[in-house]
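Please walk me through this protein model. I work at the bench and want short answers with the reasoning shown.

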Amino acid sequence: MTSAEAASPSLTVVRALLALGVVFVLLATTGWTTIRHRPAPGPSLEAAFADWARDRINQRPLPGPGSPSRTVAAYFAGLGPAHAAALAERHPLVVGNLNGAPVGLRYRANRITLGRALAVERGRVDDLRLSAEGRHEARRRFDRFTSLLRPGRQILAFDPTGTGRAAEVLGDLERARRVSVIVPGVDTNLLTFQKTHGRYGAPVGMAEALYAAERRAAPDERFAVIAWADYTAPVGVGVDAVTGRLAQGGAVRLVGLTEALPGTARVALFCHSYGSVLCGLAAPRLPARVTDLTVAGSPGMRVERAAELATPARVWAMRDPDDWIADVPHVELGGIGHGADPVAPEFGARLLSARGALGHSGYFEPGTESLGNFAAIGVGAYRNLVCARADSACHDGISGAEGH
């Protein structure tokens, strides 16, 4: 930059605005497709909270939904199994999404809510008062809820309101020594929570691939993987995708999840695309049990340096050479854009290989070095990591094979 350019703030602003304009063009012609959603009928979470607030057990009020998870956990610990089961029956939408409630009780409550939501969609599938599009949407939701109700599925969070939110656990969360949490990006909702085509680009497929890879990497380790789609994600191309508004709300929910996980398990976050924006905003508030924060295909974390994340967790980053996100300008101005590129050397993240990922949605594909690296972080086998460059810089400062 010349001295004249450095002395001209207006020139810098113009360049930034031009770069941000490119964002929308690139997104419109690459991977963030627009999906139209219509709010679907169903139970209101606000109404469920209101019913919960009016309820009493032994003349005592129930803990407020905003109570710290430790307060909720202490309440249920002193409640007894019969009263706890009764609460899940009366207030399944609240209990199923209540941080601090026993994990098994949340699974049970969410099956109740799923059953009720399924009944609603069953009535809408053939309702001729709806448009053909509305009936098609009802069929898709019916099929999704049927799948989530299959025996053995462990639904940790479920809210069918609007486009919906969900989280699913693979493994024994209550006994796990390590927990991996997958934080997905744009266009994440109940209908895209799992996919047949593009399976490993959807949260459930990502979690299944990571869980299998972790089992191969450490067959004797006790771990769990969470497919976490429990936030309102941006829908397609638009302002929400290039601002942090929805990521701010999601960050609050992610911090709540990590604080409420049972036991003392170490936690690793795997944040894809817009999910890395959310993880960046959550980072300063994450509990100490979160030891690793990994981003893949990131548009930015709303900071200029990894040190600004203000977290003791190790920060990892990767990007496949064919990922279109590399062409998105890594700038932030007036709340638009997500800041510096996490794979830029000056950002300060530990850079990992993503060989084999083949684009923006392929980081969790079986057989890729990206998935192998995720699994190594998830089980603490840091010696097995493949760095982005030929040297072993990404291993620096980690003592021992398990990084203890």
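The questions below go from the whole chain to single residues.

This is a predicted model: local features need pLDDT of at least 70, side-chain atom pairs count only at pLDDT 80 or more, and totals for chains, interfaces and linings use all residues. Residues are numbered from 1 along each chain as its sequence is written, and side-chain values use heavy atoms, with hydrogens and water left out.

Q: What share of the 404 residues of the protein chain counts as buried?
A: Buried means under 20% relative accessible area, exposed means over 50%, and partly exposed lies in between (1.4 Å probe, protein chains only). The chain has 12 helices and 10 strands. Helices (H or I, at least four residues) and strands (E, at least two) are DSSP runs, numbered from the N terminus. Of the 404 residues, the buried share is 55%.

Q: Among contacts between residues at least 6 apart in sequence, what share joins residues at least 24 apart?
A: Contact means heavy atoms within 4.5 Å. Counting the pairs at least 6 apart in the protein chain, the share that joins residues at least 24 apart is 69%.

Q: Which strands pair with strand 8?
A: Two strands pair if DSSP finds at least two bridges between them. Strand 8 (residues 290-296) has 7 of its 7 residues buried. In strand 8, V295 stands opposite C271, and D292 stands opposite R314 of strand 9. The pairing is parallel over 6 bridges with strand 7 (residues 266-272) and parallel over 5 bridges with strand 9.

Q: What is the handedness of the β-α-β crossover from strand 7 to strand 8?
A: The chain leaves strand 7, passes through helix 11 (residues 274-282) and enters strand 8. A crossover is right-handed if, with the strands pointing away from the viewer, the path from the first strand over the helix to the second runs clockwise. This crossover is right-handed.

Q: What covers the buried residues of helix 11?
A: In helix 11, 9 of its 9 residues are buried. Among them are Y274, L278 and A282. The cover includes strand 5, strand 6, helix 10, strand 7 and strand 8.

Q: How many salt bridges are there by the rule used here?
A: A salt bridge is a side-chain nitrogen of Lys or Arg within 4 Å of a carboxyl oxygen of Asp or Glu. By this rule the count is 19.

Q: Which residue forms a salt bridge with D230, and is that partner buried or exposed?
A: The closest N and O atoms of D230 and its partner R165 are 3.4 Å apart. D230 is in the loop between strand 6 (223-229) and helix 10 (245-260), while R165 is in strand 4 (residues 165-171), 65 residues apart. D230 is buried at 9% relative accessible area. The partner is R165, and at 14% it counts as buried.

Q: How many residues apart in sequence are the parts that E221 and R177 tie together?
A: The E221 and R177 side chains meet in a salt bridge at 2.7 Å, N to O. E221 lies in the loop between helix 9 (203-217) and strand 6, and R177 in the loop between strand 4 and strand 5 (178-183), so the parts tied together are 44 residues apart. As for exposure, E221 is buried at 17%, whereas R177 is partly exposed at 40%.

Q: Which residue meets R319 in a salt bridge?
A: The N to O distance is 2.8 Å, and the partner is D341. Both R319 and D341 lie in the loop between strand 9 (314-318) and strand 10 (350-351), so the pair ties together parts 22 residues apart. R319 is partly exposed at 23%. The buried partner, at 15%, is D341.

Q: Which backbone nitrogen lies 3.3 Å from a polar atom of the D320 side chain?
A: D320 is found in the loop between strand 9 and strand 10. D320 is buried yet has no salt bridge; the nearest side chain of opposite charge, R319, is 8.5 Å away (Lys and Arg count as positive, Asp and Glu as negative; His and the chain ends are not counted). Leaving aside neighbours within four places in sequence, D320 contacts include A354, G356 and Y363. The backbone nitrogen at 3.3 Å belongs to L358.

Q: Which backbone oxygen does the side chain of H272 reach?
A: H272 sits in strand 7 and is buried at 8% relative accessible area. Its C-alpha atom is 6.2 Å from that of V183, 89 residues apart along the chain. The side chain of H272 reaches, at 2.6 Å, the backbone oxygen of H360.

Terms used. A polar contact is a pair of N or O atoms within 3.5 Å; within protein, one must be able to donate a hydrogen and the other to accept it, and residues adjacent in sequence count only if both atoms are side-chain atoms.
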